[in-house]
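Take a walk through this model, from strand pairing to charged pairs to aromatic rings. Keep the 3D view open as you read.

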Amino acid sequence: MSDPKRYERSFEKHAKEMFFCAALSSDGAAGFAGASDGKVYRFDLNDEKAERVALEGAGHSSYVTGLARAGESLVSVGYDKRLIVWDAKDGKQLRAIEGAHANWIRGVVAFPDGSRVVTVADDMQAAVWDVASGEKLATFTDHAPLTPTHYPSMLFAAAVSEDGKRIATADKVGHVALWDADSFSQVGEFEAPGMYTWDPKARVHSIGGIRSLAFSPDGGKLAVGGIGKIENVDNLAGKARIEIFDVAGGSRLREIQGEKDGVVTRLVWADDASWLFAAGGPGNGFLTFWNPESGERLREEEVGGLVHDAEFASGQEAFFLAAHERVEYWKRKTA
């Protein structure tokens, strides 16, 4: 069992921008973060004094809200509906696809072999892309464009299993769809309505939604993260919430609700499934490690800004996170 208490902050950089997404180079020496100014920045994680470097190319015209390393390429997506492929080694733009979706692209996730990525967007579509050619291989959805109260919904999250055989997508009303990664046919669904709030009085709209997904290492479980029922809509006061489902049977195995208000924006399983990492916020941000079997909180830390994304290095010796006006790099002590 790996000990989550051994992680310690070794690097942090502050900026005026918000960082929405994170990725790591294949060797773990560089961190990448997509920002509110439309740029993707590279950080030398071995030299905290080094200045960040913007990747070369036209880039995005607005918020960069998704970033994934696929082999030696980086794929970024954003509010401008563009999908951009970058060379992760030299930081140069290789190709840009305009109008990759019809609405805000919320996220991108790479397949384990780096050959393909999955994108999800507010057109309520999921799409699979060939990284090398930029070809769209499939588009599919089981997500309604409107909430039950007839307001626009949003498709926030996607995940790919470690064996590359399953895709999961999740939306604002708490609906999760499970897909075969070869045929793109739907093979299952789960419901997490506890992460969706309809407010008929103060704001008269729907709030919440599933913001993060993660398959367990063996692919047998799916963790779903978001925010619980919101009581004070003016302050978005709801407890951070995680639900864990059995992939084969579809049953809900566990519900985990944090003590603090906030939304879970990123979930990562330990390689041995001994803990489940959850990051998010409100303003101060949090990193929490949970025991997925008992629901026990193993460790919790404040970050100083809402954590939007985090990426673990191979072997989980370290992780790099993107947060409100800051990035951080945490390493695991060997002794």
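What follows moves from the strands to the side chains that join them. The model is predicted.

Start with the strands. Strands of a sheet pair through backbone hydrogen bonds, either parallel or antiparallel. Strand β2 covers residues 30–35 and strand β3 covers residues 40–44. The two run antiparallel, and five bridges join them. Within this pairing, Ala33 has Tyr41 of β3 as its bridge partner. β2 and β3 form a hairpin, with four residues between them. Look in the turn for Gly38, whose phi is positive, at about 85°.

β3 also pairs with strand β4, residues 53–54. This pairing is antiparallel too, and it holds two bridges. Here Arg42 is matched with Val53 in β4.

Now move to an open sheet further along the chain. Four strands make it up, in the order β23-β24-β25-β26, with antiparallel pairing. β23 and β26 stand at the edges and have a single partner strand each, so one side of each is left without a neighbour in the sheet. From one strand to the next, the twist averages 15°. Six bridges connect β23 to strand β24, which spans residues 276–281. Find Leu267 and you find its bridge partner in β24, Ala278.

Next come the charges. Side chains of opposite charge can pair when their charged atoms come close. The whole structure holds 20 salt bridges. One of them joins Glu17 to Arg52, with the closest N and O atoms 2.8 Å apart. Glu17 sits in strand β1 and Arg52 in the loop between β3 and β4, so this salt bridge ties together parts that are 35 residues apart in sequence. Is Glu17 buried or exposed? Its relative accessibility is 7%, so Glu17 counts as buried. Arg52, at 27%, counts as partly exposed.

A second salt bridge brings together the side chains of Arg266 and Asp309, at 3.1 Å from N to O. This pair links distant parts of the chain. Arg266 is in strand β23, Asp309 is in strand β27, and 43 residues separate them. Arg266 has a relative accessible area of 19%, so it is buried. The cut-off for buried is under 20%. Asp309 also counts as buried, at 11% relative accessibility.

The third example is Arg332 with Glu317, whose closest N and O atoms are 2.6 Å apart. Arg332 lies in strand β28 and Glu317 in the loop between β27 and β28, so the salt bridge ties together parts that are 15 residues apart in sequence. Arg332 counts as buried at 18% relative accessibility. Glu317 is partly exposed, with a relative accessible area of 40%. Elsewhere, salt bridges with shared partners join Arg9, Glu12, Arg326 and Glu328 into one network.

Now turn to the rings. The structure has 20 aromatic pairs. Consider Tyr7 and Phe312: the ring centres are 6.0 Å apart and the planes meet at 85°, so the pair is edge-to-face. Tyr7 is in strand β1 and Phe312 in strand β27, and their positions lie 305 residues apart in the chain. Tyr7 and Phe312 are both buried. Another edge-to-face pair is Trp275 with Phe289, at 5.1 Å centre to centre and 85° between the planes. Trp275 belongs to the loop between β23 and β24, whereas Phe289 belongs to strand β25, 14 residues apart. Trp275 and Phe289 are buried as well.

These rings belong to a cluster. Ring pairs link Tyr7, Trp275, Phe277, Phe289, Phe312, Phe319 and Trp330.

Charges also sit over rings. Arg106 lies over the face of Trp104, 3.7 Å from the ring centre. Arg116 lies over the face of Phe111, 3.9 Å from the ring centre.

Finish with the backbone. Which residue has a positive phi of about 75° although it is not a glycine? That residue is Lys81. Lys81 is placed in the loop between β6 and β7. With a relative accessible area of 33%, Lys81 is partly exposed. Glu325 is not a glycine either, and its phi is positive at about 65°. Glu325 is found in strand β28. At 34% relative accessibility, Glu325 counts as partly exposed.

Conventions
Residues numbered from 1 in each chain as written. Predicted model: local features only at pLDDT ≥ 70, side-chain atom pairs only at ≥ 80, totals over all residues. Heavy atoms only, no water. Pairing = 2+ DSSP bridges. Salt bridge = Lys/Arg side-chain N within 4 Å of Asp/Glu carboxyl O. Buried < 20%, exposed > 50% of the residue type's maximum accessible area, 1.4 Å probe, protein only. Axes fitted to C-alpha atoms, helices over the stretch in contact; angles between N-to-C directions. Phe/Tyr/Trp six-rings, centres within 6.5 Å; stacked < 30°, edge-to-face > 60°. Lys NZ or Arg CZ within 6 Å of the ring centre and 35° of its normal.
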